Every structure is written in structure tokens, then in C-alpha cells.
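Student: I have a new structure to look at, and I would like to learn how to read it. Could we go through it together?

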Amino acid sequence: MDRKTFYITTPIYYVNDKPHIGHAYTTVAADVLARHHRSLGHDVFFLTGTDEHGQKVQQTAAKFNRSPQEHADLLVVNFQNTWKKLDIRYNDFIRTTEPRHKQVVQAILQRLYDAGEIYPEKYAGWYSTAAERFWTEKDLVDGKCPETGLPVEYIEETNYFFRMGKRQEWLIRYIEEHPRFILPESRRNEVLGFLKNNTLEDLCISRPRSRLAWGIPLPFDENYVTYVWFDALINYIGGIGYGAGDGRFERFWPANHHLVGKDILTTHAVYWSTMLHALGVEPCENLFAHGWWTVEGRKMSKSLGNFVDPNELVDLYGSDGFRYFLLREMPFGADGDFSAAGIVSRINSDLGNDLGNLANRSLPFVERQFDGLIPPLGPETPEDRALKQLHQETLAAVLAAYHDVSFTRVLDAIWIFIRAANKYMDSEAPWTLAKKGDHERLGTVLYNIAESCRIAAVLTAPFLTTKSPGLLRKLGMAGGEDDLRWKTIE
Ligand code: ME8
């Protein structure tokens, strides 16, 4: 039987710095979705990686007296090690300096050039080195770069342009006809507003080599390298073998989700969609732009020195605790603030009191009263039926929340169930049943609680990659992939 596929991506991160909580956020979110779909039995492909070309990387490398490639080779390891520490199970990690990527980018450039979709033109405008792009006169704020606030330079040069402008009407219609294409809805409206109120220009996709050497050479003009965004976005199709002819691209495209932060929504919604359109490839099914983390009320920045290192948080709270906190704390799509106090209270109350207690209070009973063997079920009471009913409602709520990419709702639904199972234990009081010697009812109650533990373990497994399989092992199971399948709790 042909299995359903699920393809998910994160942005490929710049190797000009170490990963921080923001990078961890998107990557953990993608990992949770990938694990959930694996549990559903889907054929999953999860792609992440690093963006290694462009001015930012060239400049940072120069600061350290390294070649850009040496710099990228050193820095990429930080990302890979952090993802290992956070138990991120990606299928592939793409680096834009790899030959496989350069090859695809050059093939696409040549094809679009041959088709007249890329053309040279003399251009004059205000160039911001820091933002790595041109601005028009009216974009400038007090004569400075609107993105960085730094001085701009008036430059006149010939560059290559991609015919993005002529796709404006098509893109507006596409977004209007596909309500799930850009989420959350507020971001979708933002993109539509931008497209309806501005004239979409063609996109400058080259940089003269004299100004920027660190990029993929244009195959049709060796005096230029490719603009870093035009190069980077292509990873999403190159990474699954676009043009390779091995069937992978046809199998996995369109991606189910491109997860990105709101900072790079436009490049994805506008540049990427029109690039794909020019190639005759349909856009991804969903582009989800999540919100922004600040730290104790302030923007993370080098100058403030308040970068939150995910590695340190894993050392302090474990990978499960940190993963859970990230997705529990703020609705995906909204902004949020990181504080050390927040993470501690989350872990203690939700993971310790609720989930931990359910298992820790019930399993010793099974051990003591039934020699560690989960007892058989006796006659069912209304309380048992209510718990069963909630179990079914929970599954439906969790699936619906995943569909809406709402991790907070997924977790809310799971925790309603966990808390109800704890309450069931309080009200059914197995300790009293044991004292009374009511072995049949005691067996049924413990069976239901053990079953609730198992359901909770399977549901929480995408978030708690160590604790949840551990809980299954406590229940006497292997805790491997087969035990984590959704169909085992249906
Ligand atoms: O933009 N809060 O790379 P990048 C939440 N190379 N998420 C954050 C965040 C924060 N404070 N800071 C960063 C690039 N992120 C390009 C992408 S894709 C073809 C090329 C996350 O290293 C968020 O996902 O600047 C954001 O979009 C991404 O890191 C930017 O990473």
C-alpha cells in the first residue's frame, strides 16, 4: 500500500552565530510534527540545515580571520550538536555549500535564464551592506536602512533580475483561493495587504563578484554570484532531489509545512512562491510563520549579550523539559517571553505533578497487588465509561489541533486527559479497594489507570522523547517505535 507522505522543513539557519532559543523553537516544533506523523504511520521527511553563503557569513568569517568555508565548517557543528542534544530526528541536514545544492541552484538559474525569466538590467538604488539588499528612496528611514538603521550607499550597477513582478496577480489569487497556504490568518492578511497595496518589483538575484565573492556563481555570467536568498530557498526542493529523477521529489513535494519565523515570512510567501511558479512547481501546502521570543522582556541581541543557549537549558532541565516548555509556553504564531522562572514552574507542575504522579502513584500498586501484571478488566462503571469517552474525545481534539499547527491546544487536550486520569484515581481510591480486599474492582481501576498512562505516553511522545518511551518501559513494554504508534491507542 502506498503510504501517505509528510514533508516538513525548518529555515536553514545562518552559520554566522551559534544556535539560540529561537532556532531551537522552530526546529523542535518541526520535530514534534515529524514524530507525530511517524506515529500515524506516514512516510515522513524532515529537512533542516544551514545557510552558508552571503555577506553575513563572509563578514563574520573575516572577523575571525577565517575563510568563509572554514568558518561554516566550524559553525555548522554547533547546530548539529545542539540538534542531537535536543533529540531532533531529522532525515537530512542540508548545507548550501554542498555540491549537491550548488548543482541544483545552478541548473535552476540556467533554466530560468534560458526561459527569459532572469534578465540583466542596469540598476541604481540605496544599498545596505548589513541588510544585504537595495532599498528605494521611499523605503529609507531618515536616509538610513529601515531594517538595520545603518547608513546606506547609492550604487549603480548592472545586475540580474528575476521576473517576480508579473506574478503579483497570480500570487494574490493563489493566497485567496488557498486559505491554509499561509498561517496564522493574521500573517496571511498581512501578506495579502502588502501585495494588494504595493507594486511587486522584479527581484535582484545577483551580486557582483567584486563586491561579494562568497556565493554560488551564476552559470551564465562568471562576474556574479547568486543572491543568498535565491540560493537558500532552493534547498527545500533540492533537499528532496528536485531534478535528480529518482522519484523522491515527486513523492514528497509539495511540502506539508514550511515552518518559519515571522521575520522571514515575505521571502517565503513572495520570493519562494513566485520562484516555484516560474519553475512550474506548485507552492508548499502550508507556510506557517510563528512568533518571536524575547528574553525577560528584551529582544535577544549580541550587544545585550542575552542570547539564550538551548544547550545550557538542556543541561539544566533535560531535553524533554526544554522541548515541552518551548511549545507549551506560547501559542504557535504569537510572541512570547522567556524567563527562567517560567520554565521551572512548567516542568514542576505539568511534568512532575500531573504526568509524573499518574505513573508514580499507580504503578507501585500493580507491582504490589498483582505481582507487576496489569490485572484483567471487570464490569464497567459509569466512571470507567466516562474516562473511556474522554480518551476518544482527546484523540479527536489532538488530531484537530495538530491540523491547525496549534501545539498549545494539542498539549491542553492531552493534559485534560492526564488530569482526569489523576482525578479518576483519587475518586476510585485503589488504596481503599486494596484495604477492603475488593480485588476485582481494584484490578479494573488499576487496569484503567495503567491504560491511561500508556495513552498519555503515546500522546506525549513527540514532545517528551525520553520520558514517554520510559513510561512505556515501566509498563512492561519495549517503548520502541511500534509501541508509540497512534493506532495502538485508537
Ligand atoms: O533567516 N524567536 O536564518 P536565521 C523565534 N538563513 N524564532 C527565532 C528567533 C526568535 N527570537 N530568532 C530566530 C535566516 N528564530 C535564513 C533562512 S531559509 C531558506 C533561510 C528562528 O539564522 C526563526 O525560525 O536568521 C527564524 O525565521 C529563523 O530562526 C531565522 O534564522
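Student: Is helix α11 largely enclosed by the rest of the structure or left open, and why?

Tutor: Keep in mind that this is a predicted model. To judge how enclosed a helix is, count its buried residues, where buried means under 20% relative accessible area. In α11, 14 of the 20 residues are buried, so the helix is largely enclosed by the rest of the structure.

Student: How far apart are the end C-alpha atoms of α11?

Tutor: The general idea is to compare the end-to-end distance with the span expected at 1.5 Å a residue. Helix α11 covers residues 310-329, and its end C-alpha atoms are only 15 Å apart, whereas a straight helix would reach 28 Å. Look along α11 and you will find a kink of about 110 degrees, centred on Y317.

Student: What is found at the start of α11?

Tutor: There, a side-chain oxygen of D309 comes to within 2.8 Å of the backbone nitrogen of N311.

Student: Which helix has a span close to the expected one?

Tutor: Try α16, residues 439-460. From first C-alpha to last, α16 reaches 31 Å, close to the expected 32 Å for its 22 residues. This helix is mostly covered, with 18 of those 22 residues buried.

Student: Now the ligand. How many residues surround it, and which are the closest?

Tutor: For a ligand, begin with the residues within 4 Å of it. Here 23 residues surround the ligand, and the closest are I12, T26, D51, D263 and W293. By class, the shell holds 12 nonpolar, nine polar and two charged residues.

Student: Which element gives the largest share of that shell?

Tutor: Strand β1 does, with four residues. At least two residues each come from β1 (5-14), α1 (21-39), α7 (228-233) and α8 (235-238).

Student: Where do polar atoms of the protein meet the ligand, for example at I12, T26 and G261?

Tutor: Look for pairs of N or O atoms within 3.5 Å. A polar backbone atom of I12 is 2.8 Å from a nitrogen atom of the ligand. T26 places a polar side-chain atom 2.7 Å from a ligand oxygen, and a polar backbone atom of G261 is 2.9 Å from an oxygen atom of the ligand. Taken alone, the ligand exposes 680 Å², and the protein buries 93% of that.

Student: And how many helices and strands does the chain have?

Tutor: The chain has 17 helices and 15 strands. Its C-alpha trace spans about 90 × 50 × 40 Å along the principal axes, and 57% of its 490 residues count as buried.

Methods:
Residues numbered from 1 in each chain as written. Predicted model: local features only at pLDDT ≥ 70, side-chain atom pairs only at ≥ 80, totals over all residues. Heavy atoms only, no water. Polar contact = N/O pair within 3.5 Å; in protein donor to acceptor, adjacent residues only side chain to side chain. Areas by Shrake-Rupley, 256 points an atom, 1.4 Å probe, with all protein chains shown as cover. Nonpolar A, V, L, I, M, F, W, Y, C, P; charged D, E, K, R; others polar. Expected span 1.5 Å × (residues − 1). Bend = angle between axes of the 7 residues up to and from the residue. Buried < 20%, exposed > 50% of the residue type's maximum accessible area, 1.4 Å probe, protein only.
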